[in-house]
Amino acid sequence: MGSVKKQGDYMAIQVDERLQHIAFIMDGNGRWAKKHGMPREYGHSVGASTFEKVVRYCGDVGIKTVTVYAFSTENWKRPEVEVKAIMLIFGEYLKKAAKKADEYGLRVVFLGDKRVFPENIAKDMTALEIATAKHPLTLNIAINYGGRDEIVHAVNTLIGMGKTSITEDDISAHLYTAHCPPPDLIVRTGAEKRLSNFLLWQSAYAELYFCDTLWPDMSEAEIDAAIEDFYKRKRRFGGV
Ligand code: IPE
Ligand code: IPE
Ligand code: MG
């Protein structure tokens with residue numbers, strides 16, 4: 001962790017090369033809404049604004065890759081009205097995402113199988129990836145994402161290529177995250193201490209940080225706390 005720099009009235013800390021990739025399991029939108037006497041969908045809507053704030057802050061502190069878990073392969077089990085609301089919020093985000101990505105220098109990459117989305121949405125997703133491909137910071141949005149699904153998808157791709165024997169590098173190179181390093185730090189809000197099918201392969205040596213804050217309340221101060229905690233860890237990767 002390096003120097004501090006003044007950012008508005010907030011002192012943003014600066015990370016170094018030890019923290020290149022931070023990933024967030026954005027959990028707790030529903031409980032946040034309930035706490036405020038509102039329907040769950042409202043929590044997702046406020047959570048979407050929080051997501052934008054967090055991504056911007058991570059860029060400000062010098063993190064090169066941010067991944068967010070927005071919707072899992074298991075989240076389709078939720079009531080139709082909630083799924084529809086989340087997809088509507090996602091569609092709205094897509095409309096303004098290119099402009100924001102230009103502004104903040106973000107390359108947007110979607111992790112997950114796009115084929116489940118309506119054709120126009122899937123097209124907008126691909127168009128955004130292409131339009132932002134040259135930007136310096138990476139924002140991975142995991143949507144219709146499952147870690148198990150991702151590994152199966154990679155293995156099937158390799159089988160399709162005619163491989164009869166595969167290595168760890170082969171799998172890594174065919175995951176949705178092939179373009180970026182594995183996460184150094186995974187932060188989960190919302191008090192649950194589990195991965196819920198997020199980045200199963202890539203998290204092998206990630207540092208994990210869990211906090212009680214519900215996602216819509218996620219703050220710069222809580223991110224700083226996670227980063228400070230990360231820098232206290234001794235990463236051994238199996239060594240001594
Ligand atoms: C995370 O918040 C967002 C998604 C999974 C889409 P939740 O909707 O899981 O909120 P809680 O955990 O029920 O409070
Ligand atoms: C994980 O949260 C998925 C996302 C944040 C998108 P969930 O709320 O779906 O996880 P569980 O059901 O509590 O494990
Ligand atoms: Mg949840």
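# Cavities and the ligand 1 site

Analyst: In this predicted model, α3 provides the largest share of the lining of the largest cavity, namely 5 residues.

User: How do you know that Phe51 and Tyr104 belong to the lining of the largest cavity?

Analyst: A lining residue must have an atom within 4 Å of a point of the cavity. Phe51, Glu52, Val55, Tyr93, Ala97, Lys100, Ala101, Tyr104, Leu106, Val108 and Leu139 meet this condition for the largest cavity, so Phe51 and Tyr104 belong to its lining. Two or more residues of this lining come from each of α2, α3 and β5 (106–111).

User: What makes this space a cavity rather than a pocket?

Analyst: A cavity is a set of points where a 1.4 Å probe fits but cannot get out, whereas a pocket is open. The search of the whole structure found 2 cavities of 30 Å³ or more. The largest has a volume of about 90 Å³.

User: What are the classes of the residues in that lining?

Analyst: The lining divides into 9 nonpolar, no polar and 2 charged residues. Tyr counts as nonpolar, so Tyr93 and Tyr104 fall in that class, while Glu52 and Lys100 are charged.

User: Which residues line the second largest cavity, and what makes some of them polar?

Analyst: This cavity, of about 30 Å³, is lined by Val55, Gly59, Ile63, Lys64, Val66, Leu106, Leu137 and Thr138. α2 and β6 (137–145) each give two or more of these residues. The classes are 5 nonpolar, 2 polar and 1 charged. Gly is counted among the polar residues, so Gly59 joins Thr138 in that class, and Lys64 is charged. Val55 and Leu106 are also found in the lining of the largest cavity.

User: Why is the pair formed by Arg78 and ligand 1 called a polar contact?

Analyst: The cut-off is 3.5 Å between N or O atoms, and a polar side-chain atom of Arg78 lies 2.7 Å from an oxygen atom of ligand 1, so the pair qualifies. By the same cut-off, a backbone N or O atom of Arg31 qualifies at 2.7 Å, and a polar backbone atom of Asn29 qualifies at 3.1 Å. The protein covers 88% of the 380 Å² of accessible area that ligand 1 has on its own.

User: What surrounds ligand 1?

Analyst: The shell holds 13 residues, the closest being Asp27, Gly30, Arg31, Arg40 and Arg78. By class, 3 are nonpolar, 5 polar and 5 charged. α1 (29–35), α2 (40–60) and α3 (80–104) each supply at least two, and α1 gives the most, with 3 residues. The space that ligand 1 takes is the largest pocket.

Definitions and conventions. Residues are numbered from 1 along each chain as its sequence is written. Chains are lettered from A and ligands numbered from 1 in the order in which they are written. This is a predicted model: local features need pLDDT of at least 70, side-chain atom pairs count only at pLDDT 80 or more; totals for chains, interfaces and linings use all residues. Side-chain values use heavy atoms; hydrogens and water are left out. A residue is near a molecule or strand if one of its heavy atoms lies within 4 Å of it. A polar contact is a pair of N or O atoms within 3.5 Å; within protein, one must be able to donate a hydrogen and the other to accept it, and residues adjacent in sequence count only if both atoms are side-chain atoms. Accessible areas come from the Shrake-Rupley method with a 1.4 Å probe; for residues, only the protein chains shown count as cover. On a 1 Å grid over the protein atoms alone, a cavity is a set of points where a 1.4 Å probe fits but cannot get out, and a pocket is an open set with protein on both sides within 12 Å along at least five of seven lines; lining residues have an atom within 4 Å of a point. A molecule sits in a cavity or pocket if more than half of its atoms lie within 2 Å of its grid points. Helices (H or I, at least four residues) and strands (E, at least two) are DSSP runs, numbered from the N terminus. Grid points are joined across faces, edges and corners, and a volume is the space filled by probe spheres set on the points.
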